[in-house]
Amino acid sequence: NPAVIADNVGDNVGDVAGMGADLFESYIGSLIGAATLGKNDPVLLALPLWLGAAGLLGSFIGFFFVSTKEKGDGWNTDLSALMFALEKGMYIANAIYLALGAVIVVALFGPDSEIGWRTTC
């Protein structure tokens, strides 16, 4: 029955959109919660927002490193090549985030500040 199929597809699309909205809400909620903990110090207030921006930038750049020459041949596809492509993007994104995180901590707290390194370690 085409109506049942269309109903199931609509339910699936709604579920996926709902999961994306929940994920976004959790991410923003954790950023706001972390920023609230640093409300008395402008630097501590800005730290989670800057780190969140570094994570977004790292993810965006890492996305472009996910590529493979593997053809999509159904069950005959080499999954290790596909997993390596995903892992490569993830590792690049993580490296960029760590580098930007260190730069952000030094920029906000200064290179000799103990509280900056204590906050991140």
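Here is a short chat about a helix, some aromatic rings and a core in a predicted model.

Tutor: Local features here need pLDDT of at least 70, side-chain atom pairs count only at pLDDT 80 or more, and totals for chains, interfaces and linings use all residues. Residues are numbered from 1 along each chain as its sequence is written, and side-chain values use heavy atoms, with hydrogens and water left out.

Student: Why is Phe-60 called exposed?

Tutor: Exposed means over 50% relative accessible area, buried under 20%, and partly exposed in between (1.4 Å probe, protein chains only). Phe-60 has 51% relative accessibility, so Phe-60 counts as exposed.

Student: And what makes Phe-64 count as exposed?

Tutor: Its relative accessibility is 54%, so the label fits Phe-64 too.

Student: Why is the pair of Phe-60 and Phe-64 called edge-to-face?

Tutor: Rings of Phe, Tyr and Trp (its six-membered ring) pair if their centres lie within 6.5 Å; planes under 30 degrees apart are stacked, over 60 edge-to-face, and the rest tilted. These two sit 5.2 Å centre to centre with 85° between the planes, so they pair edge-to-face.

Student: What makes Phe-63 and Phe-64 an edge-to-face pair?

Tutor: Their values are 5.2 Å centre to centre and 75° between the planes, so the cut-offs are met. Phe-60, Phe-63 and Phe-64 form one aromatic cluster.

Student: Which residues make up the largest nonpolar core?

Tutor: Leu-47, Leu-51, Ala-54, Ile-104, Val-105 and Phe-109. A nonpolar core is a set of buried Ala, Val, Leu, Ile, Met, Phe, Trp, Tyr and Cys residues joined through side-chain atoms within 4.5 Å.
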